[in-house]
Amino acid sequence: MVRPTRGPVPLRVAVPVAVAAGLALLVAFPPYGWWPLAPVGVAGLAVAVHRRRLRAGAGLGFLTGVALFAPLLAWTNLHTGLLPWVLLSLLQAGYLALLGAASAWVSPVVDRWRWAWPVVTGVLWVGQEALRDRTPFGGFPWGRLAFSQDASPLLGWAWLGGAPLVTGVVAVAGGLLLVGSWRRWPGPDGVWRPVAGVAVGLLLLVGVGLAVPTGAGGGRSVRVAIVQGNVPRLGLDFNAQRQAVLNNHADATVELAGRVAAGAVPRPDLVVWPENSSDIDPLRNAAAGARISAAADAIGAPILVGAVLAGPGDGEVRNAGILWRPGTGPDMAQLYTKRHPVPFAEYVPMRSLARKVSSQVDRVRADFVPGSTPGVVDVGPVVLGDVICFEVAYDGLVRDTVDGGAQLLVVQTNNATFDVAEARQQLAMVRLRAVEHGRAALMASTVGVSGFVAPDGRVSDATGFNTRAVVVRQVTLSDGRTPATRAGRWPESTLAGLAVAALVVAGMLRRRREVTVAG
């Protein structure tokens, strides 16, 4: 047992360590992809806040959060001005401030039981993300540790317990680094014993990640085409170009039909267009509907169209994926309405106050209303699990489609107002979802990055950014359920519950110490 009499690292050291921890976490994410630095960042924050008062722990956690989120979310300020980006970054950093305070609070626990440090670190990170993923306005899961591991052997843990378990494992790895580096342990083996234990622990985490049986189950296959039609200009004036965007996707589909007719490529069983590929409501605008019908008839396959639909009430709109069949047109029984519209982008809470932050909120003239049912779309040859744009970051929205029978995961997205860094961060989420549910997946974007993802997380046929592209691939379907799918919310609930328990135990130890000192 290590005696807990030593103080924290000097503040002059803790401050740069906290900032460096945030930067290490940052470069673990796409587009950098240095995923081994995520545990290093976790360890850096924990070292900086260990044995500090709550206020100092919160301040250091906030520094880590700013160093991480400000550059990670820089794509949010491309067209909306600096203030919304700054406020969003500071809000997300506030959750790491809570984590910093919590990590400081549990110092007596890890001082008393040193080998508990990895577990305590892991559950605190999961608890922090569980809170950040839900608050405020439904949360903002961008920057979860799990989403930094798309190319890591730790990604396999998603098959066992989804994104929360991957986050927990990454943080446990950071905690193991702490055990091996924080002070000399007593006894003649005070150096080598913890180092050996840390090495064994890290090898075990990596080994399990590599050993889990991700991959397709050898079921039926379908041929799917992704159409990335591109837009005339990137930016917030995307909606002003809606006829051109619709034409781009229709024309690219008709061109694909010509290649099919010439025998250059096989006919697809399904064509997927991205979110906002028809911002003209094709159910109310006859010309837009006719344009899509002509494309579907030419290719001879159903098209999943990302459309903005009017209603159901006056002044309301829906962000939807609607199946458009050749010969018959829209299949109203196979329509998915986005369940989690993005606050301040698709609807504006507290509009009068938000307008003082950015006048760009008035571009959202009609609030998008949420759908109420999972995105299960039955094409015939395949049942799709459709989510739209940022919804891929939310565990339950994707899992609901698999519980509903989805055999292939589809993410329809529009990255025209962002950049390639945001698109690659989103593709990393798709890779995790594929492993988590043992399903092939695809992302279809207006401007990129689009591509296919195998159930083991490998990406195929990824397109460039701000380009026009059509990719066709044979995709193997799956009907099975992974342990993560079956477990549902339990991994996250259990780990978050353990985080609360660690805080309670720390409170008891602190109270006991106060009583002992007073006596």
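In the predicted model, Gln 474 is in contact with Ser 221, Val 222 and Arg 223, its neighbours within four places in sequence being left aside. Gln 474 belongs to strand E13, which covers residues 469-476. Although Gln 474 and Arg 223 are 251 residues apart along the chain, their C-alpha atoms are separated by 4.2 Å. Gln 474 counts as partly exposed because its relative accessibility of 39% falls between the limits of 20% and 50%.

A contrasting environment is found for His 437, a residue of helix H13. Its relative accessibility is 0%, and His 437 therefore counts as buried. When residues up to four places away in sequence are not counted, His 437 touches Val 398, Arg 399, Val 402, Leu 409, Gly 480, Thr 482 and Thr 485.

Helix H13 is also among the packing partners of helix H3, which comprises residues 54-72. The 19 residues of H3 should span 27 Å at 1.5 Å a residue, and the end C-alpha atoms are 26 Å apart, so the expected and modelled lengths agree. The buried residues of H3 are Gly 57, Leu 60, Gly 61, Thr 64, Gly 65, Ala 67, Leu 68, Phe 69, Ala 70 and Leu 72. These buried residues pack against helix H1 (11-28), helix H2 (37-49), helix H4 (82-105), helix H6 (117-132) and helix H13 (420-437).

Four cavities of 30 Å³ or more were identified. The largest cavity holds about 110 Å³ of space. It is lined by 14 residues, and those nearest its centre are Ala 46, Val 49, Ser 103, Trp 117 and Thr 121. Helices H2, H4 and H6 each give two or more residues to this lining, with the largest share, five residues, coming from H6. By class, the lining of the largest cavity consists of eleven nonpolar and three polar residues, with no charged residues.

The second largest pocket has a volume of about 350 Å³. Its lining is formed by 23 residues, of which Arg 134, Tyr 394, Asp 395, Gly 396 and Leu 397 lie nearest the centre. At least two lining residues are supplied by each of helix H7 (158-181), helix H12 (395-403) and helix H15 (490-518). H12 gives the most, with five residues. Ten charged residues occur in the lining of this pocket, alongside seven nonpolar and six polar residues.

Aromatic contacts were examined across the whole structure, and seven aromatic pairs were found. Ring pairs join Trp 75, Phe 140, Trp 142, Phe 390 and Phe 418 into a cluster.

Several backbone features were located in loops. In the loop between H6 and H7 lies Pro 136, which is joined to Thr 135 by a cis peptide bond with omega of about -20°. Phe 137 lies in the loop between H6 and H7 as well, and has a positive phi, near 55°, in a residue other than glycine. At 35% relative accessibility, Phe 137 counts as partly exposed. A cis peptide bond also runs from Gly 448 to Val 449, with omega near 5°; Val 449 is placed in the loop between strand E10 (440-445) and strand E11 (451-453). Asn 466, in the loop between strand E12 (459-460) and E13, is not a glycine but has a positive phi of about 60°. Its relative accessible area is 37%, and Asn 466 is thus partly exposed.

Terms used
Residues numbered from 1 in each chain as written. Predicted model: local features only at pLDDT ≥ 70, side-chain atom pairs only at ≥ 80, totals over all residues. Heavy atoms only, no water. 1 Å grid on protein atoms, 1.4 Å probe; cavity = no way out; pocket = protein on both sides within 12 Å on 5 of 7 lines; lining within 4 Å. Points joined across faces, edges and corners; volume = space filled by probe spheres on them. Helix = DSSP H or I, 4+ residues; strand = E, 2+ residues; numbered from the N terminus. Nonpolar A, V, L, I, M, F, W, Y, C, P; charged D, E, K, R; others polar. Expected span 1.5 Å × (residues − 1). Buried < 20%, exposed > 50% of the residue type's maximum accessible area, 1.4 Å probe, protein only. Contact = heavy atoms within 4.5 Å. Phe/Tyr/Trp six-rings, centres within 6.5 Å; stacked < 30°, edge-to-face > 60°.
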